[in-house]
Amino acid sequence: MEKTAYLILENGKVFKGKSFGAQGAVTGEVVFTTAMTGYLETLTDPSYYGQIVVQTFPLIGNYGVIPEDFESKGPALKGYIVREVCEHPSNFRCDGKLSEFLESRGIIGLYGIDTRQLTRIIREHGVMNGRITTDPNEADMEEIRSYLVKDAVDSVSTGEKYVLSPEGEIKKKVVLWDFGAKMNIERELVKRGCEVTVVPGRTTAEEILALSPDGIMLSNGPGDPAENVGIIAELKKVADSKTPIFGICLGHQLLALAEGGKTVKLKYGHRGANQPVKNLATDRIFVSSQNHGYAVDTAQLPENAVMSYENANDGTCEGLRYLDIPAYTVQFHPEACGGPHDTNFLFDEFIALMDKNKA
């Protein structure tokens, strides 16, 4: 028998639906993603750590669970909300039902609520905390309002260093600094002939530079970028070494902070696979995959950087190029799993930057 469950927002609004996945109660930051495909990549994206994710696309689970599509070892999010969940998936790669997967991973789900109304509330009032529970009377509103996503990078980063090698010739040696990296970043580097050494978020600059990399990749990841004071200090040392750097999402924000810029929290963030970004040098528009709640403040950019991309919807900073170090970063996801491949060429630019630095 299906259990009735509720989402209680910090503003007191209550949504009544049905429980699926794991049973229990959970509090998190409620955010929405507009992606129409790639729910498995969304579920396994470490950047959702500490959050309750709402899918705006109405039917989720129709192709079941496909482990080959995961972007990490498993979900880091707190809870999952959909309009309708498919219990009869159909796909030749399917390896099980979504509800069973969530239950096995301890992720609490809620379905059958008006996700359009919920999304409008978040868009109008901003991201807010919420609690999924089967007993609305047990919810402590003060506890819900005071919830914060903390220690995010430490919670999702790899625990130890490991190395990935290409099948053929090793053309470049790259350190992937893992702040919550999606696996497709590794794959994009490896298929370009890079030997990728993945290191934990708390690795020191000395340890990274001792590996003598041709380039350093700064990964995506969750949480408030300004919380990572120690990582920012180490990143400043790495940048001073003049080793080529390419940063994505959180990596983009962290390098900006290391070089003297500032970050701000967005009202409801950019999450989905349909975000338009504008290349300021060419005026060309690209459609991008994104997942972030913070942005580099356009009013307080690093003095040694220029904005290279901006969000075509709200004008926020989507990319930086640095003038005195061989580095460039983007807020969006060129590895795009799931999402469009419009900006995949940025990995080729990283290879070219490393070649130029060796010349």
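Helix α9 (residues 250–258) is largely enclosed by the rest of the structure, because nine of its nine residues are buried; buried stands for under 20% relative accessible area, against over 50% for exposed and partly exposed in between, with a 1.4 Å probe and protein chains only. The buried residues of α9 are Leu-250, Gly-251, His-252, Gln-253, Leu-254, Leu-255, Ala-256, Leu-257 and Ala-258. After the helix comes Gly-260, which has a positive phi near 100°. Helices (H or I, at least four residues) and strands (E, at least two) are DSSP runs numbered from the N terminus.

The model is predicted, so to read it: local features need pLDDT of at least 70, side-chain atom pairs count only at pLDDT 80 or more, and totals for chains, interfaces and linings use all residues. Residues are numbered from 1 along each chain as its sequence is written, and side-chain values use heavy atoms, with hydrogens and water left out.

The sheet comes next. It is open, has 10 strands with mixed pairing, and follows the order β10-β12-β11-β13-β14-β19-β18-β17-β15-β16; two strands pair if DSSP finds at least two bridges between them. At the edges stand β10 (162–164) and β16, each with a single partner strand, so one side of each has no neighbour in the sheet. On average, neighbouring strands of this sheet are turned by 25° against each other, direction ignored. Axes here are lines fitted to C-alpha atoms, for helices over the stretch in contact, and angles run from 0 to 180 degrees between N-to-C directions. Helix α9 packs on the sheet and touches β13 (215–218), β14 (245–248), β15, β16, β18 and β19, and its direction makes about 55° with that of β18; contact means heavy atoms within 4.5 Å.

Strand β18 (residues 317–322) is also largely enclosed by the rest of the structure, because five of its six residues are buried. It runs antiparallel to β17 (residues 305–311), to which five bridges join it, and Gly-319 in β18 stands opposite Tyr-309. The two strands form a hairpin with five residues between them, and in the turn Gly-315 has a positive phi of about 75°. Three bridges join β18 to β19 (residues 327–330), again antiparallel, with Tyr-328 of β19 as the bridge partner of Arg-321. β18 and β19 form a hairpin with four residues between them.

At the β10 edge, three bridges join β10 to β12 (residues 194–199), and these strands run antiparallel. The bridge partner of Leu-164 is Val-196 in β12.

Two pockets remain to be described. The largest holds about 450 Å³ of space. It is lined by 31 residues, and those closest to its centre are Glu-29, Val-149, Asp-224, Lys-265 and Tyr-294. On a 1 Å grid over the protein atoms alone, a pocket is an open set of points where a 1.4 Å probe fits, with protein on both sides within 12 Å along at least five of seven lines, and lining residues have an atom within 4 Å of a point. Grid points are joined across faces, edges and corners, and a volume is the space filled by probe spheres set on the points. The elements giving two or more residues to the lining of the largest pocket are β9 (128–133), α9, β15 (263–279) and β16 (285–296). β15 supplies the largest share, six residues.

The second largest pocket has a volume of about 320 Å³. Among its 18 lining residues, the closest to its centre are Ser-72, Lys-73, Val-156, Tyr-162 and Asp-178.
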